[in-house]
Amino acid sequence: MTIDVRPLAVAGRAIRAVTAGESATDGRPARDDRPTADQAAQLVGTLVHRLLARRLPAGRDVASVVRLMAGSFRAEELVDVEDSGPIAARAADLYVSVRNRPDVAALLDAGDWHAEVPFSFAPPDHPDRLVRSVIDGVVISEDGTATVVEFKTGAPRPAVTTPAAPPAT
């Protein structure tokens with residue numbers, strides 16, 4: 001008996017995301033497979049963070065950044081994307097506008113830039129709890145000073161921009 005162990009190779013683009021189940025009643029897709037505005041914005045943000053992690057020097061223009069992004073998309077990110085061009089262009093534009101800001105350029109160029117830095121923190125008042133996350137970046141200057149950098153690429157969320165209501169009395 002012969003067993004074929006070669007990996008499967010499929011050329012082309014997926015027709016539908018595997019998460020897009022079918023309606024139980026008529027066999028049509030249960031949802032529209034195009035990315036929502038929120039999903040597209042999230043992908044743009046992910047791409048901007050990926051570009052920042054590449055430590056590119058300031059001063060690049062949008063067209064050169066778009067060219068650099070050719071291999072920046074992961075296969076699973078493209079499943080629901082009909083045309084990645086507009087998403088790449090938006091990410092490149094946003095990246096260039098952030099990276100070329102004088103304050104950001106000065107900070108990132110002034111030290112050793114570390115992207116996507118994991119951290120853990122046990123609050124002193126709750127030593128039994130552990131907070132784990134990832135910081136967008138940390139810049140270590142020549143004198144050893146560490147500056148934490150957090151980039152926000154999306155629109156502010158109401159929950160973040162609206163102050164909490166005062167406690168009821």
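Analyst: Let's start with a definition: rings of Phe, Tyr and Trp form a pair if their centres lie within 6.5 Å, and planes over 60 degrees apart count as edge-to-face. Please keep in mind that this is a predicted model.

User: Thanks! How many aromatic pairs does the structure hold?

Analyst: The structure holds one aromatic pair. In general, a pair of aromatic rings is described by the distance of the centres and the angle of the planes. Here the partners are W113 and F151, with 6.2 Å from centre to centre and 70° between the planes, so the pair is edge-to-face.

User: Which parts of the chain does the pair link?

Analyst: Distant ones: W113 belongs to strand β1 (residues 111-121), while F151 sits in the loop between β3 (146-149) and α6 (158-161). The two residues are 38 residues apart.

User: Are W113 and F151 buried or exposed?

Analyst: Here a cut-off helps: buried means under 20% relative accessible area. W113 has 5%, so W113 is buried. F151 has 10% relative accessibility and therefore counts as buried too.

User: What does T153 touch?

Analyst: T153 lies in the loop between β3 and α6. Leaving aside residues up to four places away in sequence, T153 touches G45, V48, H49 and L94. The C-alpha atoms of T153 and Y95 are separated by 9.0 Å, although these residues are 58 residues apart along the chain. At 24% relative accessibility, T153 counts as partly exposed.

User: V48 and L94 make me curious about the helices. At what angle do α1 and α4 pack?

Analyst: Helix α1 (residues 37-53) and helix α4 (residues 84-99) pack at about 50°, and their axes are 9 Å apart. An angle under 35 degrees would count as roughly parallel and one from 65 to 115 as roughly perpendicular, so α1 and α4 are oblique to each other. Their crossing is right-handed.

User: Which residues meet there?

Analyst: From α1 come A40, L43, V44, L47, V48, L51 and L52; from α4 come I87, R90, A91, L94 and Y95. By class, this contact has eleven nonpolar residues, no polar ones and one charged residue.

User: One last feature: which residue in the loop between α1 and α2 has a positive phi?

Analyst: That is R55, a residue other than glycine whose phi is near 60°. R55 is found in the loop between α1 and α2 (62-68), and at 53% relative accessibility R55 counts as exposed. E116 also has a positive phi, about 50°, although it is not a glycine. E116 is placed in strand β1 and counts as partly exposed at 39% relative accessibility.

Technical notes: Residues numbered from 1 in each chain as written. Predicted model: local features only at pLDDT ≥ 70, side-chain atom pairs only at ≥ 80, totals over all residues. Heavy atoms only, no water. Axes fitted to C-alpha atoms, helices over the stretch in contact; angles between N-to-C directions. Helix = DSSP H or I, 4+ residues; strand = E, 2+ residues; numbered from the N terminus. Parallel < 35°, antiparallel > 145°, perpendicular 65-115°, else oblique. Left-handed = near helix turned anticlockwise from the far one by under 90°. Contact = heavy atoms within 4.5 Å. Nonpolar A, V, L, I, M, F, W, Y, C, P; charged D, E, K, R; others polar. Phe/Tyr/Trp six-rings, centres within 6.5 Å; stacked < 30°, edge-to-face > 60°. Buried < 20%, exposed > 50% of the residue type's maximum accessible area, 1.4 Å probe, protein only.
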